[in-house]
Amino acid sequence: MNSKTPVVIKRILIINSLLALLLLGTMFLGLSMGSTGGSMGDVWRSLKGEEGGGAMLNDIIWKIRFPRVILAALVGAALSVGGLVFQALLRNPLAEPYILGISGGAAIGAISGILMGLAPFPGVSLSAFCGSTATLVLILILSSGQAVMVKDALLLSGVMVNAFCTAVIMFLISMTQDSRLHTIMFWLMGDLSSVDLHQAGILALMLAPCFLVIFRLSNTMNLLLLGSDLAQTMGINVKVVILTLLVVTSFMVSATVSHCGLIGFVGLVIPHLLRLIFGPDHRILLPACILGGGAYMVICDLLARVLPAQGEMSAGVITAMIGAPLFIILLKRSGR
Amino acid sequence: MKTAIEINALHFSYRNTPILRDLSFSVLAGEFFIVIGPNGSGKTTLMKVIAGIAGRTSGSVKIQGRKMGSYGRKAFARKIAYVPQMTTLDFPFTVMELVLMGRSPYLGIFGVEGREDRETATRALAFAGIEHLSHRRFNRLSGGECQRVFIARAICQNPEIMLLDEPTASLDMAHQVRIMDVMERLKKEKGITVMMVSHDLNLAAMYGDRLLLLKGGVVARMGEPQAVLTADVLKAAYGCDLLLDRNPMGPYPRVTPIPGRHRV
C-alpha cells in the first residue's frame, strides 16, 4: 500500500483483515468445542491432516462440525448483509428481514415446499423465494404512499405481516401429522445441524454473486441514505438500483432461510454494532458484515451446542435472546 | 448572453391535477435567479423537473442548449447539483464523508474516491465556511450547519448550475445571510448559475439578478426585483396587504406585510 492508495481502500483492507482473523478464530473454536472431547491440540493436528486425536475425532471434526461451522458463517454473513441492505433501502436503522416479516414469508414458502416434498435445493429455496418476495411486496404496499418512509408505519406493518405469517405457519403445521412435523418445528427456531458439506457449498455458490452485486452498489447505498431525490441528482438510476437490491437481498434471505430456518435479529445486531465502531460507510460495512456476521453466527451456534446440559438448542434462541433486547434499546433511543 | 436553462411550454400534472401550466422562461448563464411565489404554486415541482427528479408531462427543458434527455445520468449530474429542502439522516456520517458523496458522478464503478476528490471536498468545505466541522457527525449538527453541509456537498459536485429549494427556510438570520453570501460568491468567483426557491422576498430583492413569481403553476411576473416586487403584483399573488418601500441598504424594494389585513 503506497500513499496513493485511496483512504477508503486502506480502511476496507485494514478493518476486514482484522475481522477475517476474528472469523478464523471463531471457526477454530467452533471446530474444537462440542459434546465430544478432544483437546485443541488434537483438533489442530487433525486440521493439519495428522491423525492426532484418532479417527473418530477426525470424523466428528470434518463430517459434522466443519459443514456446520461453514453453514453458520454463511448464514450469519447473509443475514447481516440482508439487514444492512434493508436499513439502507428503507433509511431506517431498525429494519431487518426478520423484523419486517420477510423471513416469515420465506418460511411459509419453505414449509409449503417441505410439505409438498420438494428437495431442499432448488425446490424449497425457490418456494422460499416466492414467499419472501410476496411479503416484500406486501410490506412495500402497506408502508408506501409516504414521501419518507415513516418508521412506525414500517415497523407496524412488519409486525402485522409477521403475525399473519406465524398464523399461516401454525395452520400449515396443524395440518401436518407425520414425521415432517418435527423437522418443521425445529427448523422454525433456526436449525443449523442438518447440513452436509455439499449443501453448504451450494449455499456459498448462491451467496457469492449476491455479495458481489451488493458490494458493487455499496457506494450507491450511501447515496440512497440521503433520499432517492438527491441520489438521482448524483447520477444514480434509483429505480433500477432499488429493484436490484430488493431482488438480490430477498433471494439471499430465501436461500439462507431454506437451509437453516428462521434465525432472527442477526441483521439488526451486526450492522448496528459495526456501524457504531466503523461508521456508516457501506463500502466498509458490507465486507465487515460478511466477516463479522459470520463470526457472530459461529459463536451463537457454538453456544447453542455447548450451553445446554443435554442435547442442544437451536441457534435462533441465542440470537433472539441477544437481539430482541437490543432492538428495544435502539427503538427507545431512536425516539429521542 | 448564453442561456443555462431554457424551458418551453412546460406542463406537469400529478394525478390529473395540473401543477405547472405552459411555463416558458430562460435562466441566463452566470445569473442569480430566484423563484418566489405563494405556497403550492409549483416552485418545488419546477425545481424537481429541472433537476431531473420529476418527469414532465409535456414541453421541453434544455440545459446549456441541449435537451435534458440527451445527457447521460452522470454527465447530467456533473452539470447540475441540487440542494433539497431540509434533509434528515439517521445515519452517523461525518461531514467529510457526506461532502465527498458529491464526487460520485466522477467515480469509477466501485465508487472509490482518490486523493484529488478529497482535495476537492476540502475546498468545497472551505468555500461553504465549514472546514471546522469536517470530522463532526452530521446528525449532531444544528439546522443551519446541516444545510451548509448539503451546500458544500453540492459545490463538491463541481456543477455549472446549482438548484436550491428553500435553503434558508427555518434558519436564523445569520445562517440565511451566510448561505446567500456563499451563493453570491459561487456566482461571482466560479461563474456558476444559481437558481433558488425562496420565501424571503427581501433577501430575494437584495441578492437576485432576476426574480420569477410563480402563481398557480404559471408565471405571474418575471424580471428584475424592482419590476416583480411591486405592491399590486404581490397583493394579487399572495392575497395579503403589504407595504412596499425602498430598502435603506440600497436600491432594492423592501416588502413588509401589514398585520390583520389579509384575504382569508
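## Helix packing and chain contact in a predicted model

α3 and α12 of chain A are roughly antiparallel to each other, because their axes cross at roughly 150 degrees, and angles over 145 degrees count as roughly antiparallel. This structure is a predicted model, and the account below begins with the helices of chain A before turning to the contact between the chains and to some individual residues.

The axes of α3(A) and α12(A) come within 9 Å, and α3(A) passes α12(A) in a left-handed crossing. On the side of α3(A), the residues that take part include Leu71(A), Val75(A), Ala78(A), Val85(A) and Phe86(A), and they face a set in α12(A) that includes Ile242(A), Leu245(A), Met252(A), His259(A) and Cys260(A). Sorted by class, the residues of this contact are 14 nonpolar and four polar, with no charged residue among them.

A second partner of α3(A) is helix α13, which covers residues 266-278 of chain A; the two axes come within 7 Å and cross at roughly 75 degrees. Since an angle from 65 to 115 degrees counts as roughly perpendicular, α3(A) is roughly perpendicular to α13(A). Here Gly76(A), Ser80(A), Gly83(A) and Gln87(A) are among the residues of α3(A) that meet α13(A), where the partners include Val266(A), Leu268(A), Ile270(A) and Pro271(A). This contact holds six nonpolar and six polar residues, and again no charged ones.

Helix α9(A) can be checked for its length. At 1.5 Å a residue, its 20 residues, 197-216, should span 28 Å, and the end C-alpha atoms are 29 Å apart, so the expected and computed spans agree. Within α9(A), Ala200(A), Leu203(A), Met206(A), Leu207(A), Cys210(A) and Ile214(A) are buried, and the buried residues of this helix pack against α3, α10, α12 and α14 of chain A.

The two chains also touch each other, in a contact that takes 28 residues from chain B and 26 residues from chain A. On the side of chain B, α2 (73-79) and β6 (80-83) each supply at least two residues, and the largest share, four residues, comes from α2(B). The residues on this side of chain B divide into 17 nonpolar, five polar and six charged.

Some single residues deserve a closer look. Most residues other than glycine have a negative phi. Phe265(A), although not a glycine, has a positive phi of about 70 degrees, and it lies in the loop between α12 and α13 of chain A. Glu166(B), also not a glycine, has a positive phi of about 45 degrees and is found in the loop between β7 and α6 of chain B. Met185(A), by contrast, is placed in helix α8 (residues 180-188) of chain A, and its C-alpha atom is separated by 9.8 Å from that of Met170(A), 15 residues apart along the chain.

The table sets out how these three residues are surrounded.

| Residue | Other C-beta atoms within 10 Å | Class |
|---|---|---|
| Phe265(A) | 24 C-beta atoms | buried |
| Glu166(B) | 21 C-beta atoms | buried |
| Met185(A) | 14 C-beta atoms | partly exposed |

A residue counts as buried if 20 or more other C-beta atoms lie within 10 Å of its own. With 24 such atoms, Phe265(A) is therefore buried, and Glu166(B), with 21, is buried as well. Met185(A) has 14, and because partly exposed residues fall between this limit and the one for exposed residues, 12 or fewer, Met185(A) counts as partly exposed.

Definitions and conventions: Residues are numbered from 1 along each chain as its sequence is written. Chains are lettered from A and ligands numbered from 1 in the order in which they are written. This is a predicted model: local features need pLDDT of at least 70, side-chain atom pairs count only at pLDDT 80 or more; totals for chains, interfaces and linings use all residues. The expected span of a helix is 1.5 Å times one less than its number of residues. Two residues are in contact if their C-beta atoms, placed from the backbone, lie within 7 Å. Axes are lines fitted to C-alpha atoms, for helices over the stretch in contact, and angles run from 0 to 180 degrees between N-to-C directions. Angles under 35 degrees count as roughly parallel, over 145 as roughly antiparallel, 65 to 115 as roughly perpendicular and the rest as oblique. A crossing is left-handed if the near helix is turned anticlockwise from the far one by less than a right angle, and right-handed if clockwise. Ala, Val, Leu, Ile, Met, Phe, Trp, Tyr, Cys and Pro count as nonpolar, Asp, Glu, Lys and Arg as charged, and the others, Gly among them, as polar.
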